[in-house]
Amino acid sequence: MQSFELTAEPRTDVGKGASRRLRSSGRVPGILYGSGSEATMVSFDHDDLVHRLEYEAFFSHILTVKVGSKNESVVLKDLQRHPYKRIIIHVDFQRVRENEALTMRVPLHFMNEETCPGIKTEGGVISHVMTEVEVSCLPRDLPEYIEVDMGDMHLNDTIHLGELKLPEGVVITALEHEGDPEQPVVNVHMPRVEAEEAEGEEEGAEAEAADEEEKAEKPEEKEEGED
């Protein structure tokens with residue numbers, strides 16, 4: 001498990017103008033909230049934050065934010081980016097407590113894709129219907145990612161939400177709220193072009209068979225002038 005520690009500076013000047021000034025000086029306005037404590041307005045070094053965001057684990061880990069002499073355990077809850085520039089506009093972190101469950105989105109890692117029979121020997125392709133899933137658990141049980149083993153998948157096989165293998169203490173929030181366990185996560189299917197060609201051939205064969213059947217049912221018409 002990776003660990004991440006960020007250093008934040010408190011800020012008291014708020015508003016759009018204050019935020020613009022912070023960004024101009026290379027800092028990102030942010031907020032720490034939750035766990036029954038008052039929200040704390042802070043700022044972070046922009047380049048340091050951008051560097052941390054390059055790691056997938058940063059989005060699903062318990063992070064440490066140091067504000068002065070105090071360390072806060074938090075998770076990343078919201079991130080606002082500039083529409084087209086590589087600039088972070090604002091960041092929100094939620095405090096966590098060891099004995100309080102939290103809800104987070106965790107990435108799915110698909111294992112053994114290249115070696116599953118549906119791909120290796122049966123000519124199929126993979127469709128990832130989901131790439132992450134929302135889970136609920138205590139902070140100590142929060143997984144960095146959830147593995148989806150595709151090693152035994154054949155053509156036309158599907159792995160469903162209710163079939164995911166979860167670490168102990170982790171539940172999928174959708175299933176806790178009567179979500180559909182049959183919701184597809186990933187499937188192996190025939191490539192679209194080949195499927196369309198096969199469907200066209202099948203339709204053509206059916207039409208040809210129907211024509212032959214219709215001809216067989218119609219009596220032969222007499223030639224003109226024949227009694």
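Reader: Let's start with helix α1 (residues 16-24): which of its residues are buried?

Author: Happy to begin there. This is a predicted model, and in it the buried residues of α1 are A18, S19 and L22. They span an arc of only 100° around the axis, so they sit on the same side of α1.

Reader: How should I read that kind of spacing in a helix?

Author: An α-helix makes a turn every 3.6 residues, so residues three or four places apart point the same way. In α1, K16, R20, R21 and S24 are exposed on the other side.

Reader: What covers the buried residues of α1?

Author: The cover includes strands β2 and β3. Just after α1, look at G26, which has a positive phi of about 85°.

Reader: Is β2 (residues 27-34) mostly buried or exposed?

Author: Buried: 6 of its 8 residues fall under the 20% relative accessible area used as the cut-off, so β2 is largely enclosed by the rest of the structure.

Reader: Which strands does β2 pair with, and in what sense?

Author: Take β3 (residues 37-45) to begin with: 7 bridges join it to β2, and the two run antiparallel. To find this register on screen, pick P29, whose bridge partner in β3 is S43. With β6 (residues 88-95), β2 runs parallel, joined by 4 bridges. There, I31 stands opposite D92.

Reader: How many residues lie between β2 and β3?

Author: There are 2, and the two strands form a hairpin. In the turn, S35 has a positive phi of about 60°.

Reader: Now a sheet. What should I look at when reading one?

Author: Begin with the side chains: in a regular strand they alternate between the two faces of the sheet. Then read the strand order. One open sheet here has 3 strands in the order β8-β13-β11, with antiparallel pairing. Its edge strands, β8 (125-128) and β11 (158-160), each pair on one side only. On average, neighbouring strands of this sheet are turned by 10° against each other, ignoring direction.

Reader: How many bridges link β11 and β13?

Author: β11 pairs with β13 (residues 184-189) over 3 bridges, in the antiparallel sense. A handy pair to display is H160, which stands opposite P184 in β13.

Reader: And how do I read a nonpolar core?

Author: The general idea is that in soluble globular proteins, nonpolar side chains tend to be buried together. In this model, the largest nonpolar core has 25 residues, of which L108, L164, V185 and V186 touch the most other members. Two or more residues come from each of β7 (102-111), β9 (132-137), β10 (146-149) and β13. The largest share, 5 residues, is given by β7.

Reader: Which residues is L108 in contact with, leaving aside its neighbours within four places in sequence?

Author: L108 is in contact with M130, T131, E132, V133, I146, V148, L164 and V185. Apart from that largest core lies another, of 20 residues, among them A57, F58, L63 and I88.

Reader: One last topic, disulfides. How many are found in the whole structure?

Author: A disulfide is a covalent bond between the sulfur atoms of two cysteines. A search of the whole structure finds 0 of them. For two cysteines we can still describe the surroundings: C116 counts as buried because its relative accessibility is 0%, and C137 is buried too, with a relative accessible area of 3%.

How values were computed: Residues numbered from 1 in each chain as written. Predicted model: local features only at pLDDT ≥ 70, side-chain atom pairs only at ≥ 80, totals over all residues. Heavy atoms only, no water. Pairing = 2+ DSSP bridges. Axes fitted to C-alpha atoms, helices over the stretch in contact; angles between N-to-C directions. Disulfide = S-S within 2.5 Å. Buried < 20%, exposed > 50% of the residue type's maximum accessible area, 1.4 Å probe, protein only. Arc of directions from axis to C-beta. Contact = heavy atoms within 4.5 Å. Core = buried A, V, L, I, M, F, W, Y, C linked by side-chain atoms within 4.5 Å.
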